[in-house]
Every structure is written in structure tokens, then in C-alpha cells.
Amino acid sequence: MRLAELSERSGVPIATIKYYLREGLLTPGRQINARTSEYDEEHLRRLRLVRAMIQVGRVPVATVREVLGHVDDDALPRTIRLGAALWALPQVPEPDEDDEYVRAAHDVADELLESLGWSNAKALVTISPSYRSLVVAMAALRRLGYDWDPQLLLAYARLMHGAAVLDLDFVETHASEAEKVETAVLGAILVEPMLQALHRLAQEEESARRYGFGDRE
């Protein structure tokens with residue numbers, strides 16, 4: 001397809017596509033002549049991913065370039081490739097390791113991983129942004145006087161493992177390695193907010209079942 005058709009099918013303006021090309025977020029099309037290039041379905045798929053990351057996920061262009069570099073790195077095994085792409089997304093800042101609440105959160109998080117038998121997560125605690133996010137969130141709760149029961153955290157973690165199985169089962173339905181990693185990245189940007197919304201809807205539904213609406217019929 002020509003640039004105009006790529007723009008029409010993706011919903012991305014031509015000027016924006018040219019900007020993405022200049023920034024290295026899209027590979028150049030096949031050059032037909034000095035002024036015309038041709039694009040294919042792979043360009044369309046990648047363009048949709050870039051648009052989701054920038055416009056929906058509010059990911060900076062430089063970060064998008066880094067993420068896509070990991071997505072396209074055929075030299076990496078799938079687990080490393082996937083992890084590198086997801087870790088390149090914006091993350092929470094480093095916590096203050098001297099903070100007593102942070103230290104306490106580390107202890108609870110480490111005990112949780114041990115109970116779950118998540119050996120990979122345990123091995124990566126010093127560098128994992130996901131582990132860091134967990135510690136930061138738990139420390140914030142503790143600081144405000146909300147100390148969650150480790151057994152409750154364990155139950156939540158097991159539910160999340162079930163969600164992860166569904167995630168990767170869906171990833172496996174895609175053909176190429178790049179598509180698999182792209183799908184995982186899209187999941188982090190678009191599916192996680194959807195799961196959060198489903199969680200809140202479920203809370204509303206359970207609240208209505210337990211407590212009703214008072215005098216409302």
C-alpha cells in the first residue's frame with residue numbers, strides 16, 4: 001500500500017507517519033522510485049502499536065524507540081526479549097531503601113515470593129521494576145496505617161498468576177516472535193487498564209449482592 005492508504009487504514013495522519021519514520025519508530029517502506037515507497041501489513045501492525053504506546057499509553061518517543069528495539073532483537077531469547085521490552089516502559093521511581101516502611105515491605109514481598117515458589121521473580125528482585133512497584137505500593141499502604149495480611153496478598157497473587165496464564169496463552173496465538181512481544185507490550189498498556197476496570201465492576205457487583213441498595217427496588 002502507498003502512504004495515503006497506510007494513513008487511511010491506520011487512522012494516523014500522513015505527517016505523523018512521516019515523523020515516526022524519521023524517529024525510527026517505523027521501518028522505511030520498499031522504495032518504488034525517488035519519491036514513492038510501498039508499505040505492507042507489518043507496517044500497519046507496527047504503526048498501530050506505536051500509536052497505542054504514544055497516544056494511549058503516553059509513552060515518550062525515546063522510550064517507544066527503546067521498547068521497539070527489544071521487540072525486534074532476534075538475538076534475545078523470548079523471555080529476555082519480552083522482559084526487556086516491558087521493563088523499558090515507564091516505571092515507578094526507586095524507593096528510599098533507608099525508609100523503615102520500604103524495608104518492611106521488602107520483607108513481606110520476599111516472603112510472598114517464597115510462599116508462591118516464584119523463583120524467577122526472587123532471582124530478579126534487585127533489578128525488577130515490577131518487584132519495585134510492589135514494594136512501593138505496600139510501603140505506601142503501611143505508611144498510612146493499612147497493613148495488609150500476607151495471606152490476603154498470597155490469594156491475590158495466585159489470582160494474578162491465573163491472569164498471567166491467560167495473557168501468555170493469548171500471546172501464543174500469534175505467529176511471529178515480534179508479534180508475540182508486541183502483543184505483550186500492548187497488554188501492558190491497554191489490557192491492564194481494562195482489567196482494572198473489570199476489577200472495579202466486580203467490586204460494584206459484589207457490593208450490590210452483599211449489601212443491596214437499601215429501600216431501592
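**Exercise 1.** In this predicted model, decide whether Tyr20 is buried or exposed, and then describe how its ring is placed relative to the ring of Tyr19.

*Solution.* Begin with the accessibility of Tyr20, whose relative accessible area is 3%. Because buried means under 20% relative accessible area, Tyr20 is classed as buried. Tyr19, by contrast, has a relative accessible area of 32% and is therefore partly exposed, since that class lies between 20% and 50%. Turning to the rings, the centres of Tyr19 and Tyr20 are 6.1 Å apart and their planes stand at 50 degrees. The pair is tilted because an angle that is neither under 30 degrees nor over 60 falls into that class.

**Exercise 2.** Classify the ring pair formed by Trp148 and Tyr156, and state how accessible each of the two residues is.

*Solution.* The ring centres of Trp148 and Tyr156 lie 5.7 Å apart, and the planes meet at 40 degrees, so this pair is tilted. Trp148 has a relative accessible area of 37% and is partly exposed, while Tyr156, at 34% relative accessibility, also counts as partly exposed. The count of aromatic pairs comes to 2.

**Exercise 3.** Work out in which sense strands β1 and β2 pair, and which residue of β2 stands opposite Gln31.

*Solution.* Locate the strands before examining their pairing: β1 covers residues 30-33 and β2 covers residues 36-38. The two strands pair in the antiparallel sense, over 3 bridges, and the connection between them is a hairpin through 2 residues. Within this pairing, the residue of β2 that stands opposite Gln31 is Ser37.

Key. Residues numbered from 1 in each chain as written. Predicted model: local features only at pLDDT ≥ 70, side-chain atom pairs only at ≥ 80, totals over all residues. Heavy atoms only, no water. Pairing = 2+ DSSP bridges. Helix = DSSP H or I, 4+ residues; strand = E, 2+ residues; numbered from the N terminus. Phe/Tyr/Trp six-rings, centres within 6.5 Å; stacked < 30°, edge-to-face > 60°. Buried < 20%, exposed > 50% of the residue type's maximum accessible area, 1.4 Å probe, protein only.
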